[in-house]
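This report describes the architecture of one protein chain, moving from its sheets to individual residues. Please consult the sequence and the model alongside the text.

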Amino acid sequence: TALPICVWESLLEVYSVWMQLLILCLHQYGLYLYSIDGRRVAHFSAYQYALGIKSISWSLSSQFLAVGSYDQKIRLLNNITWKTIGEFTHIKKFEQNDDVVVYKETEKKSSYEEQVTSKFRTKSQYEVQEGSLSLPTLKADLDKPNPKVGVGLMAFSRDSQYLATRNDNMPNAVWIWDVHKLRQSVLLLQASPVTDVSWDPLNPRLAICTGNSKIYMWSPAGCITVDIPNDPLFHAQSIQWNPSGDALALVSRDQFTVCFLTNV
């Protein structure tokens, strides 16, 4: 039986071991937490008889444990009782409200002269969207292993206030949740599927890559797009900040580069 196991250590010296029997035992949904002396601290199960846990993420403060599932929901557990204190749902039809800011990446068509000057890069920028909208959605084949559905990517900000997520059947969207207020704060709609996100280790600033020659950044002040310097053919698949928060390591399918930030 295939048994994926992921072990995380928190600042409270508690290990989180999550199991999902995806092929032979699809009815199993279990999150088990053990202390370092081997005692089981808690067990959590949101439902049964369906695809279960897909991703987990500790907050750096160790106060919260986010559990992402194939049902496109996140359950937020606290570190005192290990009970659910909040539930976030990724919905296809999004109704605009005053509490959520929606940024959409729009690509600009350029003249041939502008394309030559920019080394044939596509120019893009964020625009604030208003009103209701339907998110681009993939139709998942549930008969195949590891279907493209559910919460496959999660990351807490350094101060544990924000949680960034990607729902795999809505790959162009990054959802940013305010953990302190237990509600959604921002929705980013990218022109291409999101491949990775990474939080600045010092500030509430999120870097995003989508498999092209750009880096996208969000902070509470707004969003920007940044061209990866020098090589327009470098397509970033994953991204990671350095500990001082002034440089980013970018990885493509067969290369890597380091970008240093100035006045960003």
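**Sheet of strands 21 to 23**

In this predicted model, 3 strands build an open sheet in the order 21-22-23, with antiparallel pairing. Strand 21 (238–241) and strand 23 (256–260) are the edge strands, each pairing on one side only. From one strand to the next, the twist averages 20 degrees. For such angles, axes are lines fitted to C-alpha atoms (for helices over the stretch in contact), and the angles run from 0 to 180 degrees between N-to-C directions. Strand 21 is joined to strand 22 (residues 247–251) by 4 bridges, and the two run antiparallel. Within strand 22, Ala249 stands opposite Gln240. Strands here are DSSP runs of E with at least two residues, and helices are runs of H or I with at least four, both numbered from the N terminus. Two strands pair if DSSP finds at least two bridges between them.

**Basis of the model**

Residues are numbered from 1 along each chain as its sequence is written, and side-chain values use heavy atoms, with hydrogens and water left out. Because the model is predicted, local features need pLDDT of at least 70 and side-chain atom pairs count only at pLDDT 80 or more, whereas totals for chains, interfaces and linings use all residues.

**Sheet of strands 5 to 8**

Another open sheet consists of 4 strands in the order 5-6-7-8, and its pairing is antiparallel. Its edge strands are strand 5 and strand 8, each of which pairs on one side only. The twist averages 20 degrees from one strand to the next. Between strand 6 and strand 7 (residues 73–78), which run antiparallel, there are 5 bridges. Phe64 has Asn78 in strand 7 as its bridge partner.

**Loop residues**

The table places three loop residues and gives their relative accessible areas. Buried means under 20% relative accessible area, exposed over 50%, and partly exposed in between (1.4 Å probe, protein chains only).

| Residue | Loop | Relative accessible area |
|---|---|---|
| Tyr49 | between strand 4 (40–44) and strand 5 (53–58) | 66%, exposed |
| Ser62 | between strand 5 and strand 6 (64–69) | 2%, buried |
| His90 | between strand 8 (84–89) and strand 9 (93–94) | 3%, buried |

Tyr49 has a phi near 60 degrees, a positive value in a residue other than glycine. Ser62, likewise not a glycine, has a positive phi near 65 degrees.

**Surroundings of His90**

What does the side chain of His90 reach at 3.0 Å? The partner is the backbone oxygen of Gln72. The side chains of His90 and Thr165 are joined by a polar contact of 2.8 Å. A polar contact is a pair of N or O atoms within 3.5 Å; within protein, one must be able to donate a hydrogen and the other to accept it, and residues adjacent in sequence count only if both atoms are side-chain atoms. Leaving aside neighbours within four places in sequence, His90 is in contact (heavy atoms within 4.5 Å) with Gln72, Ile74, Val151, Thr165, Asn167, Met170, Trp175 and Trp177.

**The chain as a whole**

The secondary structure of the chain comprises 1 helix and 23 strands. Of its 264 residues, 47% are buried. Among contacts in the chain with a separation of 6 or more, 45% involve residues 24 or more positions apart. The chain exposes about 13,800 Å², of which carbon and sulfur atoms supply 52%. Accessible areas come from the Shrake-Rupley method with a 1.4 Å probe; for residues, only the protein chains shown count as cover.
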